[in-house]
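Colleague: I am new to reading structures, and I would like a close look at a single part. Please take me slowly through the place where the two protein chains meet, and end with what lies around the DNA.

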2 protein chains.
Amino acid sequence: MSDQAAAALWPDRPADAQGERTETARRLLLAAVDSFARRGYHATTTRDIATAAGMSPAALYIHYPSKAALLSEISRAGHQATLDLVLAAAGAPGGPVERMRRLVEDFTSWHARGHTVGRIVNHELHALPEEEFEVVAELRRQIEEAVLALIRQGVASGAFDVQDIRTAARAVTSLGIDVSRWYTERSSETPEELGRRYGVLVLRMLGSTA
Amino acid sequence: MSDQAAAALWPDRPADAQGERTETARRLLLAAVDSFARRGYHATTTRDIATAAGMSPAALYIHYPSKAALLSEISRAGHQATLDLVLAAAGAPGGPVERMRRLVEDFTSWHARGHTVGRIVNHELHALPEEEFEVVAELRRQIEEAVLALIRQGVASGAFDVQDIRTAARAVTSLGIDVSRWYTERSSETPEELGRRYGVLVLRMLGSTA
DNA sequence: GACCTGACTAAGCGCTTGCTTAGCATGTTG
DNA sequence: CAACATGCTAAGCAAGCGCTTAGTCAGGTC
């Protein structure tokens, strides 16, 4: 379960360099992910997190300056991983249709596999300290802009046919984001299978002629 | 602002019979909607709610037995209003295409106009007392089932063309629900206009030939 | 006038919260 | 060996929490 959270936060980093932190700090962070996702940030106590990581409450403060710092680190890494994935798909070789298909597949399966991190990333924004919120808001703007640009390219090349690009982009990201709200490990579809199906639906929605 | 919340909770009830409560109780409930939506249930204090309603903290307990009772009432009324709207659209006269278009338009515009109530309904489920959660979960099942049945009808009649009905239904409800996460009064589109655009996108997604 | 009722407030109780302090082992360095 | 750094715990502090208590006051009833 925390393996999935770790994969969502540090997609291609080896286990011994994740977030450049010690093993204990990582355990605390993954315990925080679990509890923030299950109960919400405000309903989670520092005692919950420390206990889940097998330590006393005070140990948390050796590795992180505050409860909010844990949220910030999760939110920042989660958003960065999402942006990386979006930029990789949008900038891949090939036409707009293939790139959009990959974008939706990767975006959706990321939100399914890492639904715990995804819930925090998308539903606990309001709990972030304002300074951190601004950083994260900028990452979100870049994600939206990448999707917008890809749709615009597709429309220009005749591959897509939509009347309102902005609404279409909203719908595409919205579909993927909301997966983190309802997906559970008990869902019948694998993240990859869900990604493929959503890819088909989105291409149709965009009026893809392919 | 609370007008919108009131409309989302008691869609066609006259102002003097909303929830069959006194004016003061209604003011407290709408203050709770505002704060729960803005800060989240756990971050909201009973003092916040009472102060926003222009009263002392103790006054809340004359009208409601607990903070959780406020959440329960909001969640229950919000889910019931959504189910009513879905059933009305799905059971209207006409073919599957027209009914689905109306369902998406109404479902989407409800989540836009009443995005405060919508946020609570969809993102504070975990804070509900277990007994109340079960009631609400049943309402959610009925909403999902109505959408599922309508898509099934459309596929049977040849109006729709989807490979996986369950995933399609998920996508339809998911698109509408997520509107409550990102929509604000400052959005450029009116709830109705957004509903119309989402209606077009969804019909395409379902492979509608009309 | 005496009494009751219903909506409200001032004050505060018991508890939990995020976080701090003081101290204790262990391993490393001179 | 002494001296120190590191990673942890036991205990607890100030603040804030949901909720209760005791009492005020206006309006109605006899």
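Modeller: What follows goes from the symmetry to the interface, and then to the DNA.

This is a predicted model, in which local features need pLDDT of at least 70 and side-chain atom pairs count only at pLDDT 80 or more, while totals for chains, interfaces and linings use all residues. Residues are numbered from 1 along each chain as its sequence is written, chains are lettered from A and ligands numbered from 1 in the order in which they are written, and side-chain values use heavy atoms, with hydrogens and water left out.

Let's begin with how the chains are related. Two copies of a chain are related by a rotation about an axis and a shift along it. Here, turning chain B by 180 degrees with 0.0 Å of shift along the axis places it on chain A with an RMSD of 0.0 Å; the fit is by least squares on the C-alpha atoms of residues with pLDDT of at least 70 in both copies. The two copies are therefore related as by a two-fold rotation axis. Within chain B, the residue closest to that axis is Met205(B), whose C-alpha is 2.3 Å away.

Now for the interface. Contact (heavy atoms within 4.5 Å) joins 32 residues of chain B to 32 residues of chain A. Because 100% of the interface residues of chain B are also interface residues in chain A, the copies meet through the same surface. The size of an interface is often given as the accessible area lost when the parts come together. The buried area (accessible area for a 1.4 Å probe that two parts lose on being put together, summed over both) is about 2600 Å² between chain B and chain A, with 58% of it from carbon and sulfur atoms. Of what chain B buries against chain A, 22% comes from Arg181(B), Arg204(B) and Met205(B), more than from any other three residues. So Met205(B) turns up twice: by the axis and among these three.

Side chains of opposite charge can pair when their charged atoms come close. Four salt bridges (a side-chain nitrogen of Lys or Arg within 4 Å of a carboxyl oxygen of Asp or Glu) run between chain B and chain A. One of the salt bridges pairs Arg204(B) with Asp161(A), at 3.9 Å from N to O. There are also 12 residue pairs in polar contact between chain B and chain A, both residues at pLDDT 80 or more; a polar contact is a pair of N or O atoms within 3.5 Å, where, within protein, one must be able to donate a hydrogen and the other to accept it, and residues adjacent in sequence count only if both atoms are side-chain atoms.

Which elements build this side of chain B? Those giving two or more residues are helix 2 (23-39), helix 7 (115-123), helix 9 (165-182) and helix 10 (191-205) of chain B; helices (H or I, at least four residues) and strands (E, at least two) are DSSP runs, numbered from the N terminus. Helix 9 of chain B gives the largest share, 10 residues. By class, this side of chain B has 12 nonpolar, nine polar and 11 charged residues, where Ala, Val, Leu, Ile, Met, Phe, Trp, Tyr, Cys and Pro count as nonpolar, Asp, Glu, Lys and Arg as charged, and the others, Gly among them, as polar.

Last comes the DNA. Near DNA strand D (a heavy atom within 4 Å) there are 16 residues, and Ser56(A), Ile62(A), His63(A), Thr45(B) and Tyr61(B) come nearest. Two of these have a polar side-chain atom by a phosphate oxygen of the strand: His63(A) at 2.6 Å and Tyr61(B) at 2.7 Å. Helix 4 (60-63) of chain A and helix 3 (46-52) of chain B each give two or more residues to this surface. DNA strand C also has 16 residues around it. There, an N or O atom in the side chain of Arg47(A) is 3.0 Å from a base nitrogen, and one in the side chain of Arg47(B) is 3.4 Å from a base oxygen.
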